[in-house]
Amino acid sequence: MNSIEKITVSESSREVPVVAESDVVVVGGGPAGLSAAVSAARNGCSVTLVERYHHLGGMASGGMVLVLDDMINEGNEIVTTGIVSELVDRMAAQDGAVFPPHEDCIASWEMWKKWSRWGCIDFHKSQMPQPIVHAVSFDPDAFKRVSLDLVRESGVNLRLHSWFSEAIVEDGRVAGVVCQTKLGKQAIKGKMIIDASGDLDVATSAGSSFLTGQFIVTTVFRLCDIDTDKAEAFEYSHPEEFKALDRQIRRVLGGAWGMWWLKTPLPGIVWCNCPHMPGYDGMSPEHMVAAEIEGRDRMMKLLKFVRENLPGFENAKMLGAAEQMGVRQTRLLQGEYVVTKDDVMSRRHFADTVCRGRDYYTPYRALLPKGLDNLIVAGRHYSAESSAQKLSREIPPCMVQGEAAGVAVSVALEGNTALRDADVSKIQQRLRAQGADPGDIPSFNALVE
């Protein structure tokens with residue numbers, strides 16, 4: 001710790017105006033918080049949704065994570081449904097989403113050449129060609145537009161430009177939250193609180209137990225004026241030359257997934273989910289500044305290299321980096337149940353499963369902090385081991401988590417119970433009735449106990 005970090009100042013206490021009161025307060029308008037707010041509102045709750053940015057969608061839109069995956073079980077059984085499915089259909093109606101039809105979801109070189117550069121592949125498989133699966137390539141602004149439509153149509157009280165500051169805790173309950181805005185601090189009161197902050201901000205402020213973890217961070221970006229047909233033709237007509245060049249590109253990037261560029265619904269615009277940078281703390285302002293600088297340096301080196309060497313990229317231009325840094329792991333709740341890596345890897349099914357992802361099930365207890373009666377979490381900061389979270393943090397499962405949290409608060413409010421005493425079977429039934437798969441019915445390959 002340097003000397004300046006030891007200096008403290010006293011903050012004057014003052015009255016904070018209450019600007020909204022509702023049954024439910026959702027903190028975080030990313031994929032999980034969006035689903036939670038819409039779900040709670042559709043189940044009869046008054047809802048206030050708080051978001052720090054000027055848009056909804058979080059890592060999907062501002063973070064430009066432009067493929068929705070982890071949506072299928074073994075055998076291409078689609079298991080993340082509900083609000084996420086509705087959002088995909090709405091984006092597709094606006095030419096903002098692309099995904100393979102069911103008949104194309106097979107393992108063949110023909111389908112590989114057709115769909116792999118859309119990111120619709122089963123990257124868990126080592127075989128080549130990897131099977132084509134249900135995954136969705138989408139445009140970030142389409143995600144923002146549709147998210148806003150869903151919130152407005154549901155009657156949610158949306159408060160953008162409001163940065164969560166602290167939880168209001170009264171007698172073991174979170175009575176609301178305080179947010180920082182351009183007008184100063186503002187308080188929002190609620191009977192039930194959903195922490196969809198991504199970093200466990202509300203639960204931590206309220207005193208919940210957590211652990212901290214780290215994973216790679218990424219400054220995601222897009223390039224424009226790409227001749228994708230020419231690039232793909234080179235890849236398949238000159239495979240050895242392409243592989244050698246691709247290895248050079250990875251060295252320039254310093255870290256990337258198997259395919260460093262993917263097509264998007266906008267012609268000539270490609271998505272680059274890279275560079276990957278380890279060792280950065282996603283909650284440290286100093287670390288995030290350093291990551292922004294390093295990431296942009298790397299992406300510009302890449303741009304220069306591919307313009308000079310990669311067919312189809314001769315006229316490439318930098319369209320821009322994502323508004324949000326791609327942070328994958330920070331704080332993780334240590335709640336009523338902590339999901340383990342073995343739970344995920346063994347496909348363990350739980351009686352109180354309320355959401356699921358690719359071959360894994362999430363119990364209701366893993367969304368509940370200990371010792372707080374009216375707070376539930378949804379998103380990548382749910383109660384899990386660090387190694388388990390790395391396998392179960394994708395956007396579609398987080399959206400179903402949010403939908404489950406929205407139903408759970410409505411069930412608890414109707415029954416006038418604490419969240420831990422809410423009727424899980426009723427939560428499961430209601431989720432299934434509204435088109436979501438809560439995972440209450442295990443798939444053929446689940447480990448049922």
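Which residue follows α13, and what is the sign of its phi? The residue after α13 is G435, with a positive phi near 95°. Keep in mind as you look around that this is a predicted model.

Let's stay with helix α13, which spans residues 424-433. Its buried residues are V424, I427, Q428, R430 and L431. Around the helix axis they cover an arc of only 170°, so they sit on the same side of α13. In general, an α-helix has 3.6 residues a turn, so residues three or four places apart point the same way. Turn to the other side of α13 and you will find Q429 and A433 exposed. The cover over the buried residues of α13 includes strand β22 (353-357) and helix α12.

Helix α12 (residues 395-415) leads us on to the largest nonpolar core, since α12 gives the most to this core, with 11 residues. That core has 101 residues, and Y364 and I376 have the most contacts inside it. Leaving aside residues up to four places away in sequence, I376 touches a set of residues including I193, I194, Y364, L367, A405, V409 and L419. Another core lies apart from this one; it has 22 residues, among them F221, W260, W261 and F313.

Finally, look for a small piece of sheet. Three strands form an open sheet in the order β3-β7-β6, with antiparallel pairing. At its edges are β3 (67-68) and β6 (97-98), each pairing on one side only. Two bridges join β3 to β7 (residues 136-138) in the antiparallel sense, and V67 has S137 of β7 as its bridge partner.

Methods
Residues are numbered from 1 along each chain as its sequence is written. This is a predicted model: local features need pLDDT of at least 70, side-chain atom pairs count only at pLDDT 80 or more; totals for chains, interfaces and linings use all residues. Side-chain values use heavy atoms; hydrogens and water are left out. A nonpolar core is a set of buried Ala, Val, Leu, Ile, Met, Phe, Trp, Tyr and Cys residues joined through side-chain atoms within 4.5 Å. Buried means under 20% relative accessible area, exposed over 50%, partly exposed in between (1.4 Å probe, protein chains only). Helices (H or I, at least four residues) and strands (E, at least two) are DSSP runs, numbered from the N terminus. Contact means heavy atoms within 4.5 Å. The arc is that of the directions from the helix axis to the C-beta atoms. Two strands pair if DSSP finds at least two bridges between them.
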